[in-house]
Every structure is written in C-alpha cells, then in structure tokens.
Amino acid sequence: MNSVPTLAVDLDGTLVNTDVFFESAIWYIRRNPLRFFQMCWWLFAKGRAELKLQIESRVALPVSDLPFNQSIIKWLKSEKEKGRTLVLVTGASQKYAEQVAEHVNLFSDVFGVCKERPRLTGRNKRRFLVKRYGEHNFDYIGNSVIDLAVWKKARECIVANAFPIVVRIAQKRFQQVQVLSESLFKRHYWNAFKQFFYVLVLRVCTFMVSVVFVSWWTGAKDLFSSLLILPAIILFYITAFLVGEFRELGPHREFQQRGIFSFINPYWGFMSIPLIIITVIYSVKLTSSIWWFVIYFVLEYMRWTFKKYYIYYDAILTVFLWVLSFSIFTDFI
C-alpha cells in the first residue's frame, strides 16, 4: 500500500501560467465583443458556476496552446515515477480540466467545476479534499492567497509560482512548506511591466512638454483645461495595451511560457472593456470631436500589436501628441 499521501494539484497559475476560464472567456468574446454583456447576465443572474458552464459549452479551447509550466510538469512527472498518486483539483470547468489532464497525462483523477461541484476554490476546495482524503492526509500544490485555506488542512504545503508575500505567509503559518519555483512575476513579467511603464511615462512627458511649450509660444495661460486631456490619453494608452495583448492568444502566442497579459493577473485583462467605455465617455465630455482619441488609440494599438516596428510608431505618436497639444490652444478640436 502506498503510504505517501495523494498530491492534489491546482491548475490556474500553477500547472499553467494563466487562467483557463479567462482564456475561454476571451475566445468567446473575441469575435463578438457584445457577448461580454451576455456573460455579465449569466454571472449576475445565474452565478459564476453557470457562467463557466455556458462558456464551456460554446468554446472549444485549444488546450495544447496554453502556456504550461514546464518546470512544474517535470517535477510532477518525477513524483509520479516514484509511485505517487496525482489528482487535478481546480476551479476551472470539468471539461477543460479533463482536456488538460489528457494533454499532460499525469493525473489519476480530475475534479473541476460542474453541476455537482459549482465551486471548487478556497474553502470549498478544502472541504472537498478533506471529505475525500481526510484531514492532513493529502499534499497540495498551489500558487495564490486563496490556496492558504487548502494548505491549512493539507499535510504539506507546496508553493509554486507564487508572489513572495504568499511564500512568506505560508512559511509563517505552516510547518511543512516546500517552494518549487521563484515568483512568476520576477521570472516573466517584470521586464514587460517596465517597458509598459516607461512608455507610459514617455507619453505623459511628451504631451506635458509640448503643452507647456505651445502655451508659452501662443501666450495662453489656461493650462489646467488642457491637462484635463491627459487622463484620457493615459486611459487610451492602457486600453490599447490590454486590447493589443489579446493577440497573444492561440498557437501564435509570442511567449509560450507566459499568460495572456504582461500583467500579474490575467483577470486584469477584463479592465480593457470598461476602460474603453470610460475613456470614450471621458473624451466625449472633453471635446466634440472624438476622432483625435480614436486615432491615438489605433496608433497605440498598432504599436503594441506590431512590436517589431515600435520605433516608427513611437515617432508618429510623438508628432501626434505635439499636434494635439497645438490644437488645444488653437481651438482646432
């Protein structure tokens, strides 16, 4: 009889460097953005479990294209070779969980969200594992704060791809803690985040310098009204970046070992939809002509989409911001 406890494995952020539900949701609304409102109806009227089931029935997610965490898969293979039983326990839908399990060919059992298990994260996952395997009679590998509830009843806490604060909390609360890999943020996202932030600072400085120069040149004194356009530029910049990252989906994903977005959490990608709405409303209130901001959004989107030609787009955007600052004081817009 195998005396080693069963190893329960999380999916999102642990086995894959993304969120499977978010990937499937983006695939669903990609061809028709209006489906976003249908998703909101399912969520608020019928609950998160129904939302996952509805998307699952409509989207054939290309599981083989997901950014799998190869170092974790290698470690799991070594554990299985030792005779250990591995089970996949995830808050993702049962359909996608089974497809992932079939792809990696490591797990004896697969437990995902279905009608019998509408919630399988945090305390709900803990209750499920305790009921099935017994308290402190299983090991669990996860990566987020919500997994702390599961580790509380596990024999050993195994941390993978977690933020340093999650590792510190786990080491402080639990006796047996094993850290498998460094923070995903450090390994994959920091350089991309720095690039995003530096370009944002460049845009703001370009606009501010040109506004000050044009106001001095034209003798205008009302700088405050012109600076009201700055938040719109920032909103359009962030939105264009997020929407541009949608192209990371699928087999042509630029970095196979990272999630959809260069940000820490893939759920941040949902910000792109409300950001578009807020930005449009904000820009309309600022000026009767929204075409300036539409052009700016398109240029930024092209810049993040065709990264190979970013220098040319940066030059065009610099000139565009100069022209925009000049038009503010000449009542062109």
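**Group meeting: salt bridges, strands and cavities in a predicted model**

I will start with a network: Glu79, Lys82, Arg84, Asp139, Arg155 and Glu156 are linked by salt bridges. A salt bridge here is a side-chain nitrogen of Lys or Arg within 4 Å of a carboxyl oxygen of Asp or Glu.

Before going on, some notes on the source. This is a predicted model, in which local features need pLDDT of at least 70 and side-chain atom pairs count only at pLDDT 80 or more, while totals for chains, interfaces and linings use all residues. Residues are numbered from 1 along each chain as its sequence is written, and side-chain values use heavy atoms, with hydrogens and water left out.

Back to the charges. Side chains of opposite charge can pair when their charged atoms come close. How many salt bridges does the rule give? The count comes to eleven.

One of the pairs inside the network is arginine 155 with glutamate 156, at 3.4 Å from N to O. I will use three words for accessibility: buried means under 20% relative accessible area, exposed means over 50%, and partly exposed is in between, with a 1.4 Å probe and protein chains only. Arginine 155 counts as partly exposed because its relative accessibility is 33%. Glutamate 156, with a relative accessible area of 13%, is buried.

Next is lysine 125, which forms a salt bridge with aspartate 10, the closest N and O atoms being 3.2 Å apart. This pair links distant parts of the chain: lysine 125 is in helix α6 (residues 122-133) and aspartate 10 is in the loop between β1 (6-9) and α1, 115 residues apart. Helices and strands are DSSP runs numbered from the N terminus, with helices being H or I of at least four residues and strands being E of at least two. Are these two partners buried or exposed? Lysine 125 is buried, at a relative accessible area of 2%, and aspartate 10 is buried as well, at 7%.

The third pair is glutamate 300 with arginine 203, where the N to O distance is 2.5 Å. Here too distant parts of the chain are linked, with glutamate 300 in helix α13 (residues 291-305) and arginine 203 in helix α9 (residues 184-218), 97 residues apart. Glutamate 300 and arginine 203 are both buried.

Now the strands. Please find β4, residues 138-142. Five of its five residues are buried, so the strand is largely enclosed by the rest of the structure. Taking its faces in turn, Phe138, Tyr140 and Gly142 lie on one side, Asp139 and Ile141 lie on the other, and all are buried. Asp139 also belongs to the network I opened with.

Which strands pair with β4? Two strands pair if DSSP finds at least two bridges between them. β1 pairs with β4 in the parallel sense over four bridges. Within that pairing, threonine 6 has phenylalanine 138 as its bridge partner, and leucine 7 has aspartate 139. Strand β5 (residues 157-159) runs parallel to β4 and is joined to it by three bridges. There, glycine 142 stands opposite valine 159.

β1 is covered on both faces, with Thr6 and Ala8 on one side, Leu7 and Val9 on the other, and all of them buried. β1 also pairs with β2, again in the parallel sense, over three bridges. In that pairing, leucine 88 of β2 is the bridge partner of valine 9.

β2 takes us to the cavities. A cavity is a set of points, on a 1 Å grid over the protein atoms alone, where a 1.4 Å probe fits but cannot get out; lining residues have an atom within 4 Å of a point. Grid points are joined across faces, edges and corners, and a volume is the space filled by probe spheres set on the points. The structure holds three cavities of 30 Å³ or more, and the largest has about 40 Å³ of space.

What lines the largest cavity? Its lining is Phe21, Ser24, Lys52, Ala92, Ser93 and Tyr96. At least two of the lining residues come from each of α1 (20-30) and β2 (86-93). By class there are three nonpolar, two polar and one charged residues; Ala, Val, Leu, Ile, Met, Phe, Trp, Tyr, Cys and Pro count as nonpolar, Asp, Glu, Lys and Arg as charged, and the others, Gly among them, as polar.

Last, tyrosine 237 sits in helix α11 (residues 229-244). Tyrosine 237 counts as buried, at 0% relative accessibility. Its C-alpha atom is separated by 7.4 Å from that of leucine 200, 37 residues apart along the chain.

Conventions:
1 Å grid on protein atoms, 1.4 Å probe; cavity = no way out; pocket = protein on both sides within 12 Å on 5 of 7 lines; lining within 4 Å.
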